[in-house]
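The exercises below are to be worked through with the sequence and the coordinates at hand. Each task is followed by a solution in steps.

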Amino acid sequence: MPANLAPGDKAPAFRLPGDGGRTASLADFKGQNLVLYFYPRADTPGCTVESKAFSALAGAFAKAGTAVLGVSADPVKAQDAFKAKHRLAIPLASDETHEMLEAYGVWGEKSMYGKTFMGITRTTFLLGKDGRIAHVWRKVKVDGHADEVLAAARSL
């Protein structure tokens with residue numbers, strides 16, 4: 001896993017398959033702010049609450065000149081089902097290879113109930129129009145998080 005990315009660092013480029021047969025790349029968001037939120041697994045309780053919160057604020061993020069992209073290691077088929085089931089208004093991308101997840105430092109060893117495993121640490125990055133990291137939230141607590149990210153986006 002690379003060193004922790006920090007505000008001021010250039011965001012690593014990526015190109016991922018996304019929901020609905022689309023692709024998503026960093027270049028697609030050139031000239032606008034971008035929220036990248038990494039979530040452990042589609043359609044689990046915390047990830048659902050987080051994704052629905054970002055989705056509910058999609059219009060407010062757009063008014064702030066900020067796009068939002070959710071990323072997990074789930075296959076595209078699971079992302080499509082998750083998006084449809086919860087009527088999410090934000091795009092989702094799939095990184096089954098973990099290449100982007102590793103570049104952003106969100107893939108690593110985790111533990112739960114005494115078991116150790118590899119997975120995604122819930123993390124959010126806010127990128128500025130210049131493609132540099134403006135804010136990083138690590139080990140995110142879901143409640144109120146999307147509102148906090150929106151406030152930061154409005155301040156850019």
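A polar contact is a pair of N or O atoms within 3.5 Å, where, within protein, one atom must be able to donate a hydrogen and the other to accept it. The model used throughout is a predicted one.

**Exercise 1.** Determine whether T123 is buried or exposed, and find which backbone oxygen lies 2.8 Å from a polar atom of its side chain.

*Solution.* Begin by placing the residue: T123 is found in strand β8. Next, compare its relative accessible area, which is 2%, with the cut-off for buried residues, which is under 20%; T123 is therefore buried. Then look for the oxygen: the backbone oxygen of T121 lies 2.8 Å from a polar atom of the T123 side chain, and this distance is to be read against the limit of 3.5 Å. Finally, list the contacts, leaving out residues up to four places away in sequence: T123 touches, among others, L36, Y37, F38, V106 and V136.

**Exercise 2.** Work out the order of the strands in the open sheet, and state which strands form its edges.

*Solution.* The open sheet consists of five strands in the order β5-β4-β3-β8-β9, with mixed pairing. Its edge strands are β5 (92-94) and β9 (133-137), each of which pairs on one side only. From one strand to the next, the twist averages 20°.

Now follow β4 (residues 66-72), which pairs with β5 in the parallel sense over three bridges, while β3 and β4 pair in the parallel sense over six bridges. On the β5 side, G70 stands opposite L92 and V71 has A93 as its bridge partner; on the β3 side, L36 stands opposite L69 of β4.

To complete the picture of β4, inspect its two faces, both of which are covered: T66, V68, G70 and S72 are buried on one side, and A67, L69 and V71 are buried on the other.

**Exercise 3.** Establish which helices pack against these strands, and at what angle the axes of α1 and α5 cross.

*Solution.* Helix α1 (residues 45-56) packs on the sheet, where it touches β3 (33-38), β4 and β8 (123-127), and its direction makes about 165° with that of β3. Helix α3 (residues 76-86) lies across β4 and β5 and runs at about 160° to β5.

Turning to the helix pair, the axes of α1 and α5 (residues 145-154) come within 8 Å and cross at roughly 40°. That angle makes α1 oblique to α5. The contact is made by E50, A53 and F54 of α1 together with H145, A146 and V149 of α5, and α1 passes α5 in a right-handed crossing.

Terms used
Residues are numbered from 1 along each chain as its sequence is written. This is a predicted model: local features need pLDDT of at least 70, side-chain atom pairs count only at pLDDT 80 or more; totals for chains, interfaces and linings use all residues. Side-chain values use heavy atoms; hydrogens and water are left out. Two strands pair if DSSP finds at least two bridges between them. Helices (H or I, at least four residues) and strands (E, at least two) are DSSP runs, numbered from the N terminus. Axes are lines fitted to C-alpha atoms, for helices over the stretch in contact, and angles run from 0 to 180 degrees between N-to-C directions. Contact means heavy atoms within 4.5 Å. Buried means under 20% relative accessible area, exposed over 50%, partly exposed in between (1.4 Å probe, protein chains only). Angles under 35 degrees count as roughly parallel, over 145 as roughly antiparallel, 65 to 115 as roughly perpendicular and the rest as oblique. A crossing is left-handed if the near helix is turned anticlockwise from the far one by less than a right angle, and right-handed if clockwise.
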